[in-house]
Every structure is written in structure tokens, then in C-alpha cells.
Amino acid sequence: MIAAAAEKAPDVRPGPDISIIVPCYNEVGNVGPLVAALERALDGRRWEVIFVDDNSPDGTTAAVHAIARTDSRVRGLCRIGRRGLSSAVIEGALSSSAQIVAVMDGDMQHDESRLGALIDAVQSGDCDIAVGSRHVEGGDNSGLANAWRHTLSDGGIKLAQMLLPVRLGDPMSGFFALRQDLFARIAPHLSGTGFKILVDLLLSSPQPLQVQEIACGFRARVAGESKLDALVMLQFVALLLDKLCRGWLPLRFVAFALVGVVGIGTNLLVMHCARALGADFPLAQGIGTVVAMIVNFQLDNNFTYRDRRLRGVRCVWGLLLFMVVCSVGALANVGVADMVYHQSRAFNEASVAGALIAVVWNYAMSSTIIWRP
Ligand SMILES: Nc1nc2c(ncn2[C@@H]2O[C@H](COP(=O)(O)OP(=O)(O)O)[C@@H](O)[C@H]2O)c(=O)[nH]1
Ligand SMILES: [Mg+2]
């Protein structure tokens, strides 16, 4: 029935064989040049490019859509209230119906002329994943901005190589290709945290993957800026830890609990300062608690729930809700500790039980009603 309808419609054409997935944030100046570069590099193939933009303020999605209006090979996916390279790639790749997906940066740093070789390696069945590598013979990493970035990249490579089940010269590469159905099969196991989706794929795949490295260069950025910052580096360590723990301890919970420890320290510090300035204990403790809640909220908003960060009015509402949630958590803490103490007379156990209940309650509420998925 559907096939018959398709035969009748003159402008119905088969979909592409290859989807190029491009995560992008504030890359407005690179969209046009990248599409033109892909056109040259993929001449003779049936391809599309899917830009996944996290609602960049510079109008990246608008630039993509302007091209897409006259070129059906170009698609734009705009995510609102989200951030993250890896999660952007996952959503882009899962939106593809092509046989092969290739991932590349949207800033012209990857050498698009190597795309054909990556695609051919996967299509021929020689490997599961073909990786554009800067660290095999013929590869080149000179486009990294400075010596610091080289040190970081080399350190990350060594760290990843210790954990990876396969030997790979450039596991930090963001330029690779694989079959779409393989990606979709691994997707439910991915952590989706941070920048390093290739490492995530290799560590999350239920079966070991055959990898082939293909030498490629890495150009210097011309337009726009790098988004790699200290938090992205922390997210990389978090990704490796998550995979080491095999997901049994949610990393977000670990981050939330660590922020909670910082909150306890803040509370004590502010309380002692207020006491030193002459406040009586209840007032000093009250000020300490409020400051600790604000500090915790800011840290959670910028780190623990970075990908769901609240802004503007939603941030103010979020803070108020957070204070209510934490107050209920504090009441539960005292209630449970009291109950355990009356049963066991064990002071430390009672206190730990109360604190545990409070952190689990605060985490559950924060993850579901304050920073909603
Ligand atoms: N959708 C999305 N893309 C991102 C994000 N962060 C970085 N990117 C894109 O990922 C690619 C690589 O990022 P870049 O900052 O150039 O990393 P670097 O090459 O390691 O400095 C670029 O196309 C960025 O625009 C993000 O949070 N969301
Ligand atoms: Mg870059």
C-alpha cells in the first residue's frame, strides 16, 4: 500500500545511505563552509548531514535551516535546555535511518576528505568502527590550540587506553563512522556524559568491537571557540568512573552527595562566622543553613545537573523548591535518626541513617521535580 503510494509520488526518493552527525554549539560561521566541504568530499554518495545544536544563542540552528530550505540533504535538530556533545550525537544518530552514521565536529577541524575512507572501511565489513586517528602514521594533531591542549589530550588518551578493551592510538577522536543499527544497539548502554562519545561507545558495547584507525589530520579552528573547559574534563573522568563501576552507582548521585558534603562545610563555616559576629546559635545556624542551600543549589545547577541547567525565572523557582525539598529532607533526617537511636541506642548509626535518608530524598526530588529530565 505504502510502496504503491510512493511509486505514484514523483518527488519521493529513497533516503540517504550515510548520515553525518555534527554536534554543534555556537558554530554559526562554520555551518555553510562545512556543508560545502561535505558536498565536495561526498560527491557521488547518497548522504545527509544532521546538525544537532543545543539552541546556540548565535543562531546556529537558523543558519542550518536556511540552507536546509534549499537543500534536502541538510537537517537541523535543535535541543532546548540541554547541553552536551555526546548526548547530542546520540540523539542525532538515533534520528538517522541511514545504513551508516559518521560523527564529526562542526568547526571544520576534522579533515572531511577522510570521510570517504571511514565510510568505505565500515561498508566493506572490515571493521565495526572506523576511527579518524591523529596518532597513527600519517595522522596529524597540529591543530590543537596550544601545548596545554596537547598535554590534556595525551593524558586523556593514556587514561582511556588503560580501560579500553581494544588497542587504539586515538580513543579521544571525535571523528568516526559505524553502522547505524550497531549504534542503536549500543545506545541503551551509553552514559552520554561529556565530550567523548567514542570512548563511551567502546566501553559500553556489550560485545567487543573491531576498530580500524585511519590516519587523518586535525586543523586549527578558524571560526568560533572551543567549548572544552574544566567541567568537560571532569565529565571525562566521571565517564570513565561510571564505566568502571558498570553503572551500579549513578554518577549523578555521587556528584550530588559530594556537593552535599561541600554544603555541610559551608554551613559550619558560615555558622561559626555568624557566631563570631555576635549572632546567637539559632540565628547563626539559620544563616548557615540558608547560605549552604544556595551554594548547593548553584553547584548542582552548574555541575550535577549541568545538562538540565535552570536559567532566569526557572532558576529562582528552582532555588525556592530546592529549599523546601532540603527542609523536608532535614526533618526526615532528624526523624529517622531519632527513631533509629531509640531502637538501637547507637549514636553514630542513627546519625548516618538520618543523613542517608535525607540525601536520597533530596536527590530523588531534585532529579524528578527540580531538574526534570
Ligand atoms: N550540541 C552540542 N555540541 C557541542 C557542545 N559542546 C561542543 N559541541 C560541539 O562539538 C564539537 C567539538 O567541540 P570543540 O569545542 O570544538 O572541542 P575541541 O575541538 O576539543 O576544542 C564542535 O562542533 C562543538 O560545537 C554541546 O554542549 N552541545
Ligand atoms: Mg574543535
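These legends go with a few close-up views of a predicted model.

**View 1. The magnesium ion and the protein atoms that hold on to it.** Let's start with ligand 2, the magnesium ion, whose protein donors are D107 (through OD) and Q109 (through OE1). Both donors sit 2.0 Å from the ion. Are these two residues buried or exposed? D107 is buried, and Q109 is too.

**View 2. Who's around ligand 1.** Zoom in on ligand 1 and you'll find 21 residues around it. The ones that come nearest are E27, D54, R83, S226 and K227. Sort the shell by class and you get nine nonpolar, four polar and eight charged residues.

**View 3. Polar side chains reaching ligand 1.** Here the thing to look for is side-chain atoms paired with oxygen atoms of ligand 1. R83 has a polar side-chain atom 2.7 Å from one such oxygen. For R221, the distance from a polar side-chain atom to an oxygen of the ligand is 2.9 Å. Q109, which you met as a magnesium donor, also places a polar side-chain atom 3.1 Å from an oxygen of ligand 1. How much of ligand 1 does the protein bury? On its own the ligand exposes 570 Å², and the protein buries 96% of that. Two elements, β1 (18–24) and α4 (85–94), each give two or more residues to the shell.

**View 4. Spans that UniProt labels as transmembrane.** The unreviewed UniProt entry puts the feature "transmembrane region" at residues 249–270, 311–332 and 352–371. In the model, residues 311–332 are 95% helix and 0% strand, with end C-alpha atoms 29 Å apart. Residues 352–371 are likewise 95% helix and 0% strand, and their end C-alpha atoms lie 26 Å apart.

How values were computed:
Residues are numbered from 1 along each chain as its sequence is written. Chains are lettered from A and ligands numbered from 1 in the order in which they are written. This is a predicted model: local features need pLDDT of at least 70, side-chain atom pairs count only at pLDDT 80 or more; totals for chains, interfaces and linings use all residues. Side-chain values use heavy atoms; hydrogens and water are left out. Donors are N, O and S atoms within 2.8 Å of the metal (3.2 Å for Na, K and Ca); water is not among the atoms, so sites may look incomplete. Buried means under 20% relative accessible area, exposed over 50%, partly exposed in between (1.4 Å probe, protein chains only). A residue is near a molecule or strand if one of its heavy atoms lies within 4 Å of it. A polar contact is a pair of N or O atoms within 3.5 Å; within protein, one must be able to donate a hydrogen and the other to accept it, and residues adjacent in sequence count only if both atoms are side-chain atoms. Accessible areas come from the Shrake-Rupley method with a 1.4 Å probe; for residues, only the protein chains shown count as cover. Helices (H or I, at least four residues) and strands (E, at least two) are DSSP runs, numbered from the N terminus. Ala, Val, Leu, Ile, Met, Phe, Trp, Tyr, Cys and Pro count as nonpolar, Asp, Glu, Lys and Arg as charged, and the others, Gly among them, as polar. UniProt positions are given in the numbering used here, feature names are shortened, and annotations may be inferred rather than shown by experiment.
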